[in-house]
Structures are given as structure tokens and as C-alpha cells.
Amino acid sequence: MAVQFCAVWVLLCGFDTAWALLVTDMDYGGIPLWINRLLGEPSVLSLQGRIDPAWFRANNDQVCPEQCDCPIQWPTSLYCDNRGLENIPKGLPQRTQYLFLQGNNISSLSYSILANFTGLRWLIIDNNQLESNKLEVGSLQSQTQLRYFFANRNNLTSVPGGLPAGLKQLRLANNQITSISPGAFQNLQNLTLLLLQGNRLQTIAEGDLKAVPRHLPPSVQQLYLSNNPFSGVDEGSFEGFLNLKYLRLSHCGLQSSTVHPQAFNHSSLVELDLSYNKLTTIPTVPRTLQYLYLEANKIQEFNVTSFCREVGPLSYSRMKILRLDGNELTYHQLPPDWVHCLRVLQRIYI
């Protein structure tokens, strides 16, 4: 898999005419970033160690803050990353669409600074010191063109409020978020990717999380919640996600006794990751699911009905990859009729 992944990356990088680029050299919450060159998106996300900043200033007559670099290749991009900054630089030019602030010590977002320009499309502020009580109300709301907001690895205890309606990706992995308020995702009908793994969320139900499905837009396609100390998952926990395709809940301490057996039986799902938990049984999954990761649990038996409620010419699982390695189950314990249900399975690890 790693070899194939790198091959795709080289292929896209090797041709100047390629319209898309997959960037994998940084974390970004664990999900690679696709660059659309047709939209003028910058394909370099940090200039550190690449070119002498003096060269940029000598060859670019546009206004550029002293703490940032403004390359002529991407005139709407500002690179202010890894500078030890404690605040966002003042006087950012109005042309700014892509703002890179990762790797600093910024703890606040000021409305007065961000209000100077309204065409911002990306705000990448990973690996800083952002605190929820220092995010001014409306600091992001005026950014009607904002599509990506990355704030992974900060000190946030709640989801920022006043997020613009056009946001497509919200990456808040590895913060200290303990709860999500009912209005946190209000009007975010274009949101397709939400990263919340590595936080301190505890339930996905009518409790600490205030019924997540009722407050998340149905447009979400990728939802990552791994490494949160969940106590359980109710039957209706994901009913509101009509377009949900990728769901990750690994390393959450989930137990079969507190996970409803039908919690993940939603036809939109393509990939489900429940690895490194404490499950003793396989939960019911939709026949349309293609990738299921259950490695490193405590599963002791294989129930065909978890994959197929009935088996027939058109009634079978579309599963391609199934991981059951690291459980209390051996290949010889599989029932004889499992091959009829999982007839298109490409790989099984057990």
C-alpha cells in the first residue's frame, strides 16, 4: 500500500500539467491534502529551507509583512510558518487567500486583523497554542470565502464558533475538546471533512456530545473520531449523516456491551475503522461496506449475519478488505458459509 501511495504522489508531482497534487510531507491531522492547481492553490505549503527569503523580497515588489514570505509564484499566498510568532502579523495584504501560520506560538485570533481581508480561502494554523477563550467572536465569520480551516495540535477545548457557511474542511485533531455545543456547526451545509480525533470527547449520544448527528450537517463524508475516550455508541448516533462514507473510531476503548449492534448499519458507509478497541463481537454493518478494520480487539466469534442478513444471488456483502488480526479468533473458526456472504472479498487478515 505504501509503495502504491508513493507512486501516485510521484506521478502527480512529475508533470507540470497535472491539475491535482497530493501533499503528504506534513501531518494535517493525519489526512493528506489535495491541491487543485486549476484554482491556483499553492502546491508548496512551507518555504522553510527552500529559498533564501531575501530572494523573494528582491524579486517581488508587492507588500509583504516582515515576518512572512510572499513568493511571486503564488501571489495570493503568505508563508508565516515556523517563525516563533505569538500573534498574527498586522498589515496582511488584502490579496491574501492562502495563509500559512503553522508551527508558531499563536494563542488567539483577532477579528480586527482578519477583517482587513475577506478573500481568505485557507487558514492553516496547526501546531500553535490556540485557546478557545482567546478566539474573538466573529473572527472567522466574516471570511465568507474560507474553505479550509486547519487547527490541529492546539489547546482548543471547544469547537470555534461563528464558522463561515462555505467551509469544506475543518481539522481540529489533537486538541482538548471535551464537548460540542448544539450551534457549533450551524449552517455548515458544505462541510465534507471533519477531524476530531485525539480529543477528549466521551459520548456519541444524548449526553456530553449533545447528540452529534442533530448538530452536524448531513454533507459530512469523512468523520474521524479516533483516540477519544468514548463510553458508548447508541443506535441512532450516526443517523443524521446521510453522506457519511469514512468513519474512524479506533483507540476509543469501545466495548460491545456499550455499542448498539445496529449503530454502524448505514448504507452510505464505505470504510469503517473500529480497530484497537475492546469489542468481543462484530457489529452489524451494511452489505455495501467495502473496508472494515477490526484488528486488535477481543472478538471471539464470527457471525455471518453481521455482514449478511440473508444470502442469495443478489444478497451478499460487497466487502473487499476485512481485518480481524489480533483478536481471539482463528481462520479455522470461520463458519463454512462465510464465503457465500463475502464472495467478493479480496483480503482477510485473521
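These legends accompany several close-up views of a predicted model.

**View 1. The largest nonpolar core and its best-connected residues.**
Welcome to the interior of the predicted model, where the largest nonpolar core brings together 77 residues. The residues with the most contacts inside this core are F149, L170, F238, L249, F264, F302 and F307. Two elements, helix 3 (111-114) and helix 5 (338-341), give two or more residues to the core.

**View 2. The surroundings of L170.**
Which residues does L170 touch, leaving aside those up to four places away in sequence? The contacts of L170 are with F149, V159, L163, F185, L191, L193, L194 and L195. F149 is also on the list of residues with the most contacts inside the largest core, as is L170 itself.

**View 3. A second nonpolar core.**
Besides the largest core, the model has a second, separate core, made up of 13 residues. Among its members are I35, V44, Y98 and F100.

**View 4. The disulfide of C64 and C70.**
Three disulfides are counted in this model, and this view shows the one formed by C64 and C70. A quick reminder may help: a disulfide covalently bonds the sulfur atoms of two cysteines. Here the sulfur atoms of C64 and C70 are 2.1 Å apart. The torsion about their S-S bond is about 85°, so this disulfide is right-handed. Both C64 and C70 are buried.

**View 5. The disulfide of C68 and C80.**
C68 is joined to C80 by a disulfide with an S to S distance of 2.0 Å. The link of C68 and C80 is right-handed, with 100° about the S-S bond. Where do the two partners sit, and why does the pair tie together separate parts? C68 lies in the loop between helix 2 (53-59) and strand 3 (77-79), while C80 lies in the loop between strand 3 and strand 4 (98-100), so the bond ties together parts that are 12 residues apart in sequence. Buried means under 20% relative accessible area, so C68, at 1%, counts as buried. C80 is buried too, with a relative accessible area of 0%.

**View 6. The disulfide of C308 and C341.**
In this disulfide, the sulfur atoms of C308 and C341 are 2.0 Å apart. The link of C308 and C341 is right-handed, with 85° about the S-S bond. The pair connects distant parts of the chain, 33 residues apart: C308 is in the loop between strand 14 (291-293) and strand 15 (321-323), and C341 is in helix 5. C308 is buried, with a relative accessible area of 2%, and C341 is buried at 1%. With bonded cysteines counted along the chain, the disulfides of the protein follow the pattern 1-3, 2-4, 5-6.

**View 7. The backbone at R153.**
If you like to check backbone torsions, have a look at R153, a residue other than glycine whose phi is positive, near 55°. R153 is placed in the loop between strand 6 (148-150) and strand 7 (169-171). Is R153 buried or partly exposed? At 39% relative accessibility, R153 counts as partly exposed.

**View 8. The backbone at Y276.**
Y276, likewise not a glycine, has a positive phi near 55°. Y276 lies in the loop between strand 13 (271-273) and strand 14. With 44% relative accessibility, Y276 counts as partly exposed.

Note on methods. Residues numbered from 1 in each chain as written. Predicted model: local features only at pLDDT ≥ 70, side-chain atom pairs only at ≥ 80, totals over all residues. Heavy atoms only, no water. Core = buried A, V, L, I, M, F, W, Y, C linked by side-chain atoms within 4.5 Å. Buried < 20%, exposed > 50% of the residue type's maximum accessible area, 1.4 Å probe, protein only. Helix = DSSP H or I, 4+ residues; strand = E, 2+ residues; numbered from the N terminus. Contact = heavy atoms within 4.5 Å. Disulfide = S-S within 2.5 Å.
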